[in-house]
Amino acid sequence: MATELRVACGIAGGGPAGMMLGFLLARAGLSVAVLEKHADFLRDFRGDTIHPSTLDVIAELDLLPAFLARPHDEVRELAAQVGEERFVLADFRHLPSRCKFLAFMPQWDFLDFLARHGRRYRGFDLRMQAEAVGLIEEGGRIAGLRAATPEGPLAVRADLVVAADGRHSTLRGLAGLQGDALGAPMDVLWMRLPRRADDPVATFGHAEAGRIFIMLNRGDYWQCAYVIAKGSFEQLKQQGIATLRASLVALSPFLADRVETLRGWDDVKLLTVAVDRLRRWHRPGLLCIGDAAHAMSPIGGVGINLAIQDAVAAANRLARPLLFGNVSDADLAAVQRRREWPTRVTQRAQLAIQNRIIRTVLGSREELHAPLALKLLQWFPVLRRIPARLIGIG
């Protein structure tokens with residue numbers, strides 16, 4: 001027999017969107033159940049870029065000092081190398097925000113931070129190892145969700161169910177919500193390599209004919225992203241791990257003394273890149289946010305930023321109706337209207353970069369030359385504030 005729980009809002013997914021929404025609604029005095037299917041948040045190579053706009057939200061919640069007290073890295077500019085030429089792409093020092101930098105923090109630390117502060121509120125109920133597997137529907141309206149837990153089935157009855165269960169969302173599929181796949185010409189291989197004290201300091205990317213390599217400075221290690229053509233991972237694996245090591249050294253020669261730490265393909269994680277967006281983010285009693293509503297490309301690391309903004313918009317619009325138990329379809333539609341335009345614009349920019357730059361680089365067999373746009377950033381440093389504004393604030 002299933003255990004039954006009654007809350008104002010049941011949230012599937014303990015990622016950035018779900019945890020932030022749960023925290024905000026509990027802070028508003030509502031009862032919230034956040035269901036996370038894993039036993040902990042410890043998973044490598046999840047998005048860990050916290051943008052200035054998200055830091056502003058944390059500051060408005062009076063949590064910024066506590067957040068910045070946690071181990072993190074601060075990046076004030078982004079750089080890239082095309083062939084032998086190096087360029088500064090974005091300078092965050094002039095942003096109209098409290099924090100004029102990107103903060104890199106492992107996502108498990110960020111989620112743990114939200115969970116710890118969420119538990120200060122009586123209405124916040126985080127259930128780990130609770131996987132949303134079904135919806136409860138009554139009279140044409142979603143009235144709750146069903147979850148599988150180690151203790152047995154759990155039924156969560158709620159005035160509103162929020163699907164924040166990621167790009168492979170179970171709930172959006174069960175709800176019959178249709179989306180459009182927008183395409184991606186690449187996949188990404190994530191890996192860690194040790195960082196030495198005399199290594200370069202900056203977070204940067206390096207593009208050569210047929211190859212793109214991004215290195216994020218994480219203090220004592222580099223978090224590395226090796227961009228490959230869509231669907232080419234199996235072919236690369238057949239060539240052997242030594243081929244990948246040699247390619248990394250060709251792009252960043254100072255890594256030659258440590259690429260052997262990549263012992264095999266188990267040390268490399270594949271991110272299958274997808275960009276998509278639901279046409280309709282809601283049904284009566286159900287709302288999708290974050291990757292469940294719109295999977296983002298890793299370009300710019302803006303996925304967490306968009307997810308947090310979805311959660312803030314949803315909390316601002318829905319907290320009052322939830323307090324009175326009368327969330328309407330018009331309320332849910334208002335959340336989609338508020339968030340759809342920024343999502344479309346961001347995805348359009350990502351698709352332009354994917355199709356005009358990344359596809360061209362990955363398909364090239366000749367020496368690359370920096371495009372005029374990069375040269376303008378070098379000649380007129382003030383222009384670096386434009387990509388910084390688009391990446392940091394949106």
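Axes here are lines fitted to C-alpha atoms, for helices over the stretch in contact, and angles run from 0 to 180 degrees between N-to-C directions. With that in hand, welcome to this predicted model. A good place to start is a pair of helices: the axes of helix 2 (residues 52–60) and helix 8 (residues 303–323) come within 9 Å and cross at roughly 40°. From there, the tour goes on to an open sheet of 7 strands, another open sheet of 3 strands, a hairpin made by strand 9 and strand 10, and the second largest pocket, with a volume of about 300 Å³.

**Where helix 2 meets helix 8**

- Helix 2 and helix 8 pass each other in a left-handed crossing.
- On the helix 2 side, the meeting residues are S53, T54 and V57, and their counterparts in helix 8 are N305, I308, Q309 and V312.
- Sorted by class, the residues of this contact are 3 nonpolar and 4 polar, with no charged ones.

**The sheet of 7 strands**

- Reading across this open sheet, the strand order is 6-5-14-15-16-13-17, and the pairing is mixed.
- Strand 6 (85–91) and strand 17 (269–271) are the edge strands, and each of them pairs on one side only.
- From one strand to the next, the twist averages 20°.
- At the strand 17 edge, strand 13 (residues 186–194) and strand 17 run antiparallel and are joined by 3 bridges; here V188 stands opposite L271.
- Helix 7 packs on the sheet and touches strand 13, strand 14 (204–208), strand 15 (211–217) and strand 16, and its direction makes about 75° with that of strand 15.
- Strand 5 and strand 6 also run antiparallel, with 6 bridges between them, and A80 faces F87 in strand 6.
- These two strands form a hairpin with 2 residues between them, where G83 takes a positive phi near 60°.
- Helix 10 (residues 372–379) lies across strand 5 (77–82) and strand 6, running at about 75° to strand 6.

**The sheet of 3 strands**

- This open sheet has the order 3-7-4, with antiparallel pairing.
- Strand 3 (49–50) and strand 4 (73–75) are at the edges with a single partner strand each, so one side of each has no neighbour in the sheet.
- Strand 3 pairs with strand 7 (residues 102–104) in the antiparallel sense over 2 bridges, and I50 stands opposite A103 in strand 7.

**The hairpin of strands 9 and 10**

- Strand 9 (residues 131–138) and strand 10 (residues 141–149) are antiparallel partners, paired over 7 bridges.
- Across this pairing, E131 stands opposite A148 in strand 10.
- The hairpin has 2 residues between its strands, and G139 in the turn has a positive phi of about 60°.

**The second largest pocket**

- The lining of this pocket is made up of 16 residues, and G210, Y226, I228, S232 and L236 lie nearest its centre.
- Strand 16 (221–229), helix 6 (233–239) and helix 7 (241–251) each supply at least two residues of the lining.
- Strand 16 gives the most to the lining, with 4 residues.
- By class, the lining has 8 nonpolar, 6 polar and 2 charged residues.
- Helix 7 and strand 16 link this pocket to the sheet of 7 strands: both contribute to the lining, and helix 7 touches strand 16 where it packs on the sheet.

Notes: Residues numbered from 1 in each chain as written. Predicted model: local features only at pLDDT ≥ 70, side-chain atom pairs only at ≥ 80, totals over all residues. Heavy atoms only, no water. 1 Å grid on protein atoms, 1.4 Å probe; cavity = no way out; pocket = protein on both sides within 12 Å on 5 of 7 lines; lining within 4 Å. Points joined across faces, edges and corners; volume = space filled by probe spheres on them. Nonpolar A, V, L, I, M, F, W, Y, C, P; charged D, E, K, R; others polar. Left-handed = near helix turned anticlockwise from the far one by under 90°. Contact = heavy atoms within 4.5 Å. Pairing = 2+ DSSP bridges.
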